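Student: Could you walk me through this one, a piece at a time?

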Amino acid sequence: MGSWYDALLWGTVAGSALVIGSAIAWKWHIPPKIVSSVMAFGAGVLISALAFELVDEAVESGGLPATVWGFLAGSVAYVGANTLLARAGARHRKRSGDKHPSEEDSPGSGGAIAVGALLDGIPESVVLGLGLVTASAVSPAMLAAVFISNVPEGLSSTAGMKRSGRSAKYVFGVWGGIAILCGLASLLGFVALQGAPVELIAFITAIAAGAILAMLADTMIPEAFEESHVLTGLIASFGFLVAFSIHRLG
């Protein structure tokens, strides 16, 4: 059985990739096509991870009904929460262009963007802690997928925040705080489900998978195709294969 320290550590490590992506975007101007390409790669990575690391394993351990209901619950919960945040100004929180509202244009949007970014990261972090419950170790494939996908998320969103006039204090405060909260979410996933029935663990895992897929469709994929070019689909496919290969080798 893994320890609470492992859960906290690996959740924070995965979340720290958001800060890395943010720092890159803050220091250098990244061409829009590059941002979209990196986001496409990250989307492909997460699609593979949720298919093979989450949904498939949830079915194998807890059965199809628990997985189906959990997946639907996660999707509905994410879309509902995201709809409320979109109305508050956080709809384009992962976009790198001019779609980010400034605080002057949309009062309260800064807080909504921060909460939305946290909403995007929590499901991924919880399943890292769950891996320590079910397999006594964090899945290398899931950890790699979350870390790899978090870099373009932080990069793209920070590029948009910077263009809308958000301060460095706000940007790095958001991503640094979320990295810490991702570690705590992983810890919660580990502590709360010690000794839980396999059906419940499968249900929670599927909730995370459903939320991740909804997040991909609502936030990452639109940015991946913002600067559409002929290689976007190929880059996403490559990301999928990288994550799948890590899964098989692991």
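Tutor: Let's take the core, a helix pair and some aromatic rings in turn.
This is a predicted model, where local features need pLDDT of at least 70, side-chain atom pairs count only at pLDDT 80 or more, and totals for chains, interfaces and linings use all residues. Residues are numbered from 1 along each chain as its sequence is written, and side-chain values use heavy atoms, with hydrogens and water left out.

Student: Which element gives the largest share of the largest nonpolar core?
Tutor: A nonpolar core is a set of buried Ala, Val, Leu, Ile, Met, Phe, Trp, Tyr and Cys residues joined through side-chain atoms within 4.5 Å; buried means under 20% relative accessible area, exposed over 50%, and partly exposed in between (1.4 Å probe, protein chains only). The largest one here has 37 residues. Helices are DSSP runs (H or I, at least four residues), numbered from the N terminus, and those giving two or more residues to this core include α2 (32–62) and α7 (198–224). The largest share, 10 residues, comes from α7.

Student: Is Ser 75 buried or exposed?
Tutor: Ser 75 sits in helix α3, residues 64–90. Contact means heavy atoms within 4.5 Å, and leaving aside neighbours within four places in sequence, Ser 75 is in contact with Gly 210, Ala 211 and Ala 214. Because its relative accessibility is 18%, Ser 75 counts as buried.

Student: At what angle do α1 and α5 pack?
Tutor: Axes are lines fitted to C-alpha atoms, for helices over the stretch in contact, and angles run from 0 to 180 degrees between N-to-C directions. The axes of α1 and α5 are 7 Å apart. The two helices pack at an angle of about 35°.

Student: What kind of aromatic pair do Trp 26 and Phe 172 form?
Tutor: Rings of Phe, Tyr and Trp (its six-membered ring) pair if their centres lie within 6.5 Å; planes under 30 degrees apart count as stacked, over 60 as edge-to-face and the rest as tilted. Trp 26 in helix α1 and Phe 172 in helix α6 are 146 residues apart. Their rings are 6.0 Å centre to centre with 70° between the planes, and the pair is edge-to-face.

Student: Which residues form one aromatic cluster with Phe 52?
Tutor: Phe 52 in helix α2 pairs with a ring in helix α8 (residues 232–249), 192 residues apart. That pair, Phe 52 with Phe 244, is tilted, at 4.8 Å centre to centre and 50° between the planes. The residues in one cluster with Phe 52 are Phe 240 and Phe 244.
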